[in-house]
Amino acid sequence: MKNSYIGQAWLVIVLSLAFGAALAAVQATLDPRIAQNKLRDALDQVPRLVPGATGGRAETIGELTVYRATDEQDRPVGWVIPARGQGFADVIELLVGVDESVQQVTGLYILKQLETPGLGDNITAEKWRNQFRGRKTGEDLLVTKAAPTRDREIQGVTGATISSVSVVGIVNSAVTKLRAALADRAGGPS
Amino acid sequence: MNYVVSLVTMAVTTALINNMVFHFFVGNCPFIGVSRRLDTAFGMGAAVTFVTTIAALLSWLLTYFVMAPGAPLATGLWRLLTRDPAAAADLSILSYIVYIFVIAWAVQLVEMYIRKFFPPLYKAFGVYLPLITTNCVILFVCLEIMKHIGTGATDPWDLGKALTYAFFAGFGFLIAIVIMAGIREELDHCDVPKPLQGPGITLIIAGILSLAFMGLTGVDGNLAKLLSAKSSHPAAPASAPAAERSK
Amino acid sequence: MSRDTGPTSLERFINGILPENPTYRQILGICPSLAVSNTMEGAVTMAGAVAFVLLGSNLLISLIRHLLKPHLRILVFTLTIAAFVTIADRFLAAYMYDMSKQLGPYVPLIIVNCIIIARCEICAAKQGVGPALADAVGQSLGFALGLASIATVREILGFGTWFGKWLGWRVIPDLSAQPQVWSNWVIMILPPGAFITLGLLMGVMNGIEHARAARLKRTGGKQ
């Protein structure tokens, strides 16, 4: 009986080896492309988030991974910070663009969100995200329901206060983290 | 303490809010097929929970130590073989194959257990017991765990979190299938239009149940806040997150 | 044990589309039918992925059908399907990255999609390459039809578009400025809409089938 089990298992073994080889080949050819796709996701947004930028490259400062926005002559013009945090329904992933001296927010892009369609997912609307442009980072940004009166106020999405508050919170903490990381690193701008 | 809070939040989220059947659409085939009677539905739910937890345990161990990018055993072995101390090993392409075999093995295990200790249940299940292998819930849980292990993971899960996730995912499936069985037993006395009998009316009711469960969105985030507030400042009054919701 | 008799290639092909439609008649593959059917693009991509896996595994299993031992065959099916799904998943991530992100975990879940294992068991393990391939094509078309029917209802009512992401066609004009005239049925994009749509569509399909059977009985005869 044992003999027949091994005898019968040869097909499974041969198939496993054949598939293993095929999958290894697939991995070798496709993995570089997939990694590039993932990187391009964020880098594509850099020109839209930092004025004057044409491209960017990933950089690690301490424990923080950010993107350095550069112009055509490869001079640094700003930073793009990937950040995430808990939204209303699930985690929100976004990109915050700031200027070179981390004094001003230059743009916001939502990478991934699962907020309520029609309500919370209006945080992806360009009109709402444009509110963040030009905001000074000296003080934390706040969400208001009515039209904003002070420079640090952002008007929340109607009917989606929690989503708006979450996004603003993520932006605040991302900027703070970058400032702290740059201050820690010797010789970096602060 | 924070760890326990995160486990409790994850349990509530997975079982109720991101319910496997009503939110993620997995586990629909047995949900529609086995939900006619309450006792078989409960047995199926329990079996799925059991299988999911065992499969998740094995998957986590295999993924963490062998298959994830940068896994210790695989990387160590690869470095030995190639004599390159900086070589990286990434066996994640074999993940799907390994998971489905782990699941099949776990189902075999549970099948033997049920046949030995609960023979009438074994007879009642019939062909549906080996079909648990094709239950999307289990593979979905394994895939979710895979996302949270390894060097590319943004929010790494240790074994405790993975097992909590798996157990309560199965538990959520149990809740869903038991509710549906209860409703369908009542439906036997109702006058369902002929075209809708069977899967049609089951799906429509599942839709209404899904709508009901959607009302629980946001409970997890606020539950976490509530529990953290209570654990760090036991004297502080609990906030009223419900008032914040202007939806 | 394999018999090379059974339905012909043409019969297999035609059966897969409507008479043995996976979604409405066999009630298989419900998980992806609900999950990715909120847009036509997702539905078409998923149908394409399932077609690839179905064709590949039917072909391979049919070629080795004489070597399959009874109690190891499910193992072999599973191994084959899992390998093809891995290839399909990586291919999507490499060449259709946005679609891959939208479909998410539902592409690997094709492994446990009952349609594919059922076709391997019922057709590929018992018949030659011709009928197996025809069966795969027919069933894939049937599955695509099922998905497309659900996706059409959900996308038009939920977004107002049809193939909105790829072709940008609007079926319902953009009335977001006048919500009192028409606003998108957001529920259609969410899980409840999926369940209810499929339930109602199944009712419609069953109703048509019952009417046809009743008419046949009345006329007492051939189709």
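In the predicted model, strand β1 (residues 55–61) of chain A pairs with strand β2 (residues 64–70) of chain A in the antiparallel sense, over seven bridges. The two strands, β1(A) and β2(A), form a hairpin with two residues between them. Gly62(A) lies in the turn and has a positive phi of about 65°. Within the pairing, Thr60(A) stands opposite Thr65(A), a residue of β2(A).

The interface of chain B and chain C was examined next. The contact draws 34 residues from chain B and 36 residues from chain C. Between them, the two chains bury about 3,200 Å², and 82% of this area is on carbon and sulfur atoms. On the side of chain B, the most area is lost to chain C by Phe25(B), Tyr96(B) and Leu203(B), which together account for 22% of what that side buries.

Zero salt bridges are found across the interface of chain B and chain C. Polar contact across this interface is found for three residue pairs, with both residues at pLDDT 80 or more. Four elements of chain B, namely α2 (28–33), α5 (95–117), α7 (136–147) and α9 (199–214), give two or more residues to the side that touches chain C. Of the elements of chain B, α9(B) gives the most to this side, with nine residues. By residue class, the side of chain B that touches chain C divides into 24 nonpolar residues, nine polar residues and one charged residue.

Note on methods:
Residues numbered from 1 in each chain as written. Chains lettered and ligands numbered in written order. Predicted model: local features only at pLDDT ≥ 70, side-chain atom pairs only at ≥ 80, totals over all residues. Heavy atoms only, no water. Pairing = 2+ DSSP bridges. Contact = heavy atoms within 4.5 Å. Buried area = accessible area lost by both parts, 1.4 Å probe. Salt bridge = Lys/Arg side-chain N within 4 Å of Asp/Glu carboxyl O. Polar contact = N/O pair within 3.5 Å; in protein donor to acceptor, adjacent residues only side chain to side chain. Nonpolar A, V, L, I, M, F, W, Y, C, P; charged D, E, K, R; others polar.
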